[in-house]
Amino acid sequence: MFEIVKAGGLMMGPLILASNHASSADPVLITVFLTQKIDRPVNWLGKRELVEWPPTGWAFRVAAIHPVDREAADLEAFRSAMRILEAG
């Protein structure tokens, strides 16, 4: 279990949360919990294979999961993350 503690301006402005997960359900649960607590949308970076796979791809795009190529230095994923952060 984890707890969100408001420390200074941590919950204000753009932020990056790096989360390791033990199961496929963890990102869903984290998103549901965080969206309620921080009152703003949550965007994820996820492995490209799942975003491009037709059975899950449409759901991942709707859920604001942005693809990352784990086989290389993915400059487009970095740019996507920067655009999200700059938008607040």
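The residues that line the largest pocket of this predicted model divide into 24 that are nonpolar, 8 that are polar and 3 that are charged. Taken together, the lining of this pocket is made up of 35 residues, and those that lie nearest its centre are Val42, Asn43, Trp44, Leu45 and Gly46. Several elements give two or more residues to this lining, namely helix 1 (25-38), strand 1 (44-47), helix 3 (54-62), strand 2 (65-68) and helix 4 (75-87). The volume of the largest pocket is about 1100 Å³.

To place these elements, it helps to step back to the chain as a whole. The chain holds 4 helices and 2 strands, and a reader who follows the sequence meets them in the pattern α-β-α-α-β-α. Among the contacts in the chain with a separation of 6 or more, 31% are accounted for by residues that stand 24 or more positions apart. The chain has 88 residues, of which 20% count as buried, and its accessible surface comes to about 6800 Å², with 63% of that area belonging to carbon and sulfur atoms.

The confidence of the prediction should be kept in mind while reading on. The average pLDDT of the chain is 80, and 86% of the residues score at least 70. Confidence is lowest in helix 1, where the mean is 79, and highest in helix 4, where the mean is 89.

Helix 4 is also where Ala77 has its place, and this residue gives a view of how parts of the chain meet. Once its neighbours within four places in sequence are left aside, Ala77 is in contact with Leu45, Pro67 and Val68. Leu45, which is among the residues nearest the centre of the largest pocket, is 32 residues away from Ala77 along the chain, yet the C-alpha atoms of the two are separated by 7.6 Å. Ala77 counts as buried because its relative accessible area is 6%, and the cut-off for that word is under 20%.

A second alanine, Ala64, sits in the loop between helix 3 and strand 2. The backbone of Ala64 deserves a careful look, since its phi is near 60 degrees, which is a positive value in a residue other than glycine. Ala64 is buried as well, because its relative accessible area is 18%.

Last comes the part of the chain that precedes helix 1, the segment in which His21 lies. Not counting residues up to four places away in sequence, His21 touches Asp26 and Pro27. Is His21 buried or partly exposed? With a relative accessible area of 43%, His21 is partly exposed, because that term covers values between the limit for buried, under 20%, and the limit for exposed, over 50%.

Methods. Residues numbered from 1 in each chain as written. Predicted model: local features only at pLDDT ≥ 70, side-chain atom pairs only at ≥ 80, totals over all residues. Heavy atoms only, no water. 1 Å grid on protein atoms, 1.4 Å probe; cavity = no way out; pocket = protein on both sides within 12 Å on 5 of 7 lines; lining within 4 Å. Points joined across faces, edges and corners; volume = space filled by probe spheres on them. Nonpolar A, V, L, I, M, F, W, Y, C, P; charged D, E, K, R; others polar. Buried < 20%, exposed > 50% of the residue type's maximum accessible area, 1.4 Å probe, protein only. Contact = heavy atoms within 4.5 Å. Areas by Shrake-Rupley, 256 points an atom, 1.4 Å probe, with all protein chains shown as cover. pLDDT = per-residue confidence, 0-100.
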